[in-house]
Amino acid sequence: AVLDATGDPIGVLVVADGANTLTPTAPGGFDPDSAQGQRRLDDALAAGDTANLADVAVGAVGRDAYRVVADLVGATPVVAHELYRGAPYGVGYFVGTWRL
């Protein structure tokens, strides 16, 4: 409500881990099924897909932050731009921008 009430442009930086079980040396151990969940999360972020973001973030360490993003943006269309996706140290990371 506070963000909606201002007439100023607002930027929000969200930092959240994806799955932390993508490799045998990952901090959460290794779960071979987590790669598919991470791919779905990355794809939703790359597409600006707020409708599915909270659902696909279920296996992510930062799932609550992804839910906040989905709620904050709601059904407003976004222009998404992917800069990076990868899993250094066995943890899924996505870097990108969303513009409303």
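Among contacts in the protein chain between residues at least 6 apart in sequence, what percentage join residues at least 24 apart? In this predicted model, the share is 50%.

**View 1. Overall fold of the protein chain.** The predicted model contains four helices and two strands. Their order along the sequence is α-α-α-α-β-β. The protein chain is as compact as a globular protein of its length, because its radius of gyration of 14 Å is close to the 13 Å that the globule rule gives for 100 residues. The C-alpha trace extends over about 50 × 20 × 20 Å along its principal axes.

**View 2. Surface and charged side chains.** About 6,400 Å² of the protein chain is exposed, and 55% of this area is supplied by carbon and sulfur atoms. Of the 100 residues, 29% are buried. The protein chain carries 12 negative and 6 positive side chains. A distance of 4 Å separates the centres of these two sets.

**View 3. The largest nonpolar core.** This core is made up of 12 residues. Its alanines are Ala16, Ala44, Ala57, Ala60 and Ala70. Leu41, Leu45 and Leu53 belong to it as well, together with Val56 and Val69. The aromatic members are Tyr66 and Phe94. Two or more core residues come from each of the elements α2 (34-47), α3 (50-56) and α4 (63-73).

**View 4. Contacts of Ala70.** Ala70 is one of the residues of the largest nonpolar core. When residues up to four places away in sequence are not counted, Ala70 touches Thr50 and Leu53. Leu53 is likewise listed in this core.

**View 5. Surroundings of Thr21.** Thr21 is located in the loop between α1 and α2. With a relative accessibility of 14%, Thr21 counts as buried, since the cut-off for a buried residue is under 20% relative accessible area. Neighbours within four places in sequence left aside, the contacts of Thr21 include Ala26, Phe30, Asp31 and Ser34. Three glycines, Gly28, Gly29 and Gly90, are also in contact with Thr21.

**View 6. Asp8 in the loop between α1 and α2.** Asp8 is placed in the loop that runs between α1 (2-5) and α2. Its relative accessible area is 55%, so Asp8 is exposed, the cut-off being over 50%. Asp8 and Val68 are separated by 60 residues in sequence. In space, the C-alpha to C-alpha distance between Asp8 and Val68 is 21 Å.

Definitions and conventions:
Residues numbered from 1 in each chain as written. Predicted model: local features only at pLDDT ≥ 70, side-chain atom pairs only at ≥ 80, totals over all residues. Heavy atoms only, no water. Rg over C-alpha atoms; globule rule 2.2 N^0.38 Å. Buried < 20%, exposed > 50% of the residue type's maximum accessible area, 1.4 Å probe, protein only. Contact = heavy atoms within 4.5 Å. Areas by Shrake-Rupley, 256 points an atom, 1.4 Å probe, with all protein chains shown as cover. Lys, Arg positive; Asp, Glu negative; His and termini not counted. Charge placed at Lys NZ, Arg CZ, Asp CG, Glu CD. Core = buried A, V, L, I, M, F, W, Y, C linked by side-chain atoms within 4.5 Å.
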